[in-house]
Each structure stands twice: as C-alpha cells, then as structure tokens.
Amino acid sequence: SSYTEAWTHGILANFESGFTQGTVGFGVDLHAGLGLKLDTGDGRYGPGGSVDMLPVDSDDRAEDAYSKVGAAVKARFADTVVKAGDVFPTTPVVHYGDSRLLPQ
C-alpha cells in the first residue's frame, strides 16, 4: 500500500559561535536534531509509502528515534562570511529542505 501515516516530533538545537578577533575571524556553527516516533499505528507505516519521515529497521518498522548532528566552520573578512560544512542556506535561489521532520 502507498498509504503511510506517522505522528512524530522533531527537536533541533543550534549553536552559533562568534568570530575570533583579527582581520580574518574564524568560528563554528553546530546543530543537533532528534526525531521521535510518537505513533505510527499497526501497518500504517513502511518503506515505499508516500512519506518516508522515519528510518525503518530490518523488519520494516519505523525506528523509535533517530538523530543527526553536524557542524560548519566559518570565516569572516570585513562584511563577508564564508561557511563550509553543514549549512542551512536561505537565499532566493537556494533554500534548505525543511519539509521533513529534520532539515535535509
């Protein structure tokens, strides 16, 4: 069946450091996410459905919880900031995917 149903809760924590002093400043951004399964019901969730919100185990059942962590290093020179690593861009051309439980 292509019908899936899940009740979940996502928690996202962000930490953004400042920059070191000097002509070129350096810093780091960290994030951690936790996805929790609240209810998927019997037989209403599995791979191949319309929404894959939670990872599945070897028995094709939704995992109770999963997590993601990431970091980005950043450098600042004058008014320009450059980041490398896991970033959440929000520009008119590029925007991170936030339609799932945890950002893509």
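Two strands are said to pair if DSSP finds at least two bridges between them, and this notion underlies much of the description that follows. The structure discussed here is a predicted model.

The secondary structure of this protein consists of four strands and zero helices, so that, in the sense in which strands are DSSP runs numbered from the N terminus, the elements follow one another as β-β-β-β. The four strands form an open sheet, in which the order is E1-E2-E3-E4 and the pairing is antiparallel. At its edges lie strand E1 (7-16) and strand E4 (80-85), each of which pairs on one side only. Averaged over the sheet, and with direction ignored, neighbouring strands are turned by 20 degrees against each other.

Within the sheet, strand E2 and strand E3 are joined in the antiparallel sense over 13 bridges, and here Gly35 stands opposite Tyr66 in E3.

The residue ranges of the strands are set out below.

| Strand | Residues |
|---|---|
| strand E1 | residues 7-16 |
| strand E2 | residues 24-39 |
| strand E3 | residues 65-77 |
| strand E4 | residues 80-85 |

Turning to the protein as a whole, 21% of its 104 residues count as buried, while the protein exposes about 7200 Å², of which carbon and sulfur atoms supply 54%. Among the contacts in the protein with a separation of 6 or more, 58% are accounted for by residues that are 24 or more positions apart.

How values were computed:
Residues are numbered from 1 along each chain as its sequence is written. This is a predicted model: local features need pLDDT of at least 70, side-chain atom pairs count only at pLDDT 80 or more; totals for chains, interfaces and linings use all residues. Side-chain values use heavy atoms; hydrogens and water are left out. Helices (H or I, at least four residues) and strands (E, at least two) are DSSP runs, numbered from the N terminus. Buried means under 20% relative accessible area, exposed over 50%, partly exposed in between (1.4 Å probe, protein chains only). Contact means heavy atoms within 4.5 Å. Accessible areas come from the Shrake-Rupley method with a 1.4 Å probe; for residues, only the protein chains shown count as cover. Axes are lines fitted to C-alpha atoms, for helices over the stretch in contact, and angles run from 0 to 180 degrees between N-to-C directions.
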